[in-house]
Amino acid sequence: MTLTIRLRKPEDDEAIAAVVEAAFGGRNEVGLIDALRRAGDMTSECVALDGGAVVGHVAFSRLDVANAAQNLRATALAPLAVLPERQNQGVGKALVHHAVGRLRDRGHDLIVVLGHPAYYARFGFSNVLGKLLDAPYAGDSFMALELAPGTLRSSRWTVAYPRAFAGL
């Protein structure tokens, strides 16, 4: 496997839609990606290529996270998709590591995700930090990753997702 991770290009969109649909078994997440792009809420998208073919995709969208004193530069990871036949081969891991590093380098403060705790904990996501966020999603699957340690400082924060998430 020769895996290359790079930023999404518009000509990738058809292949991305096929990967996302195959990974999730439907088109809801494809619709979410399209709606986030149309609204200008997408902050970053990366693809994993093997032999020039898209085998994985990760998307990050703008997220409003604030308390009484400040606003954070935050983003939501959603969705992460890998072709079913390429899952459990490190594709998702490579995508997340690359994208998180890129967001850190660009000065983002926080990433949140709604996903499998055992999987995302490997990248430093914590549902304990997620409990500091008043968000429409709650529970053990709602996690946060501080890109600068101490960002949340045990304060309460309010989270507002882009409108596209209301359709899920």
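**Close-up views of a pocket and a cavity**

**View 1. The largest pocket has a volume of about 680 Å³.** Welcome to the first stop in this predicted model. A total of 29 residues line the largest pocket. If you want to find its centre, look for Phe24, Pro79, Leu80, Ala81 and Tyr120, which lie nearest to it.

**View 2. Several helices and strands help to line the largest pocket.** The elements that each give two or more residues to this lining are α1, α2, β4 (71–82), α3 (91–105), β5 (110–114) and α4 (117–120). Which element provides the largest share of the lining? That is β4, with seven residues.

**View 3. The lining of the largest pocket, sorted by residue class, includes 20 nonpolar residues.** Beside these, the pocket lining has six polar and three charged residues.

**View 4. Now for the enclosed space: the count comes to one cavity of 30 Å³ or more.** How might one look for such spaces? Rolling a probe the size of a water molecule over the atoms shows where empty space is left. The volume of the largest cavity is about 30 Å³.

**View 5. Helices α1 (13–24) and α2 (28–39) each give two or more residues to the lining of the largest cavity.** Around this cavity you can pick out Asp13, Ile16, Ala17, Val20, Val30, Ile33, Asp34 and Arg37. How many of the lining residues are charged? There are three charged residues, along with five nonpolar and no polar ones.

Conventions. Residues are numbered from 1 along each chain as its sequence is written. This is a predicted model: local features need pLDDT of at least 70, side-chain atom pairs count only at pLDDT 80 or more; totals for chains, interfaces and linings use all residues. Side-chain values use heavy atoms; hydrogens and water are left out. On a 1 Å grid over the protein atoms alone, a cavity is a set of points where a 1.4 Å probe fits but cannot get out, and a pocket is an open set with protein on both sides within 12 Å along at least five of seven lines; lining residues have an atom within 4 Å of a point. Grid points are joined across faces, edges and corners, and a volume is the space filled by probe spheres set on the points. Helices (H or I, at least four residues) and strands (E, at least two) are DSSP runs, numbered from the N terminus. Ala, Val, Leu, Ile, Met, Phe, Trp, Tyr, Cys and Pro count as nonpolar, Asp, Glu, Lys and Arg as charged, and the others, Gly among them, as polar.
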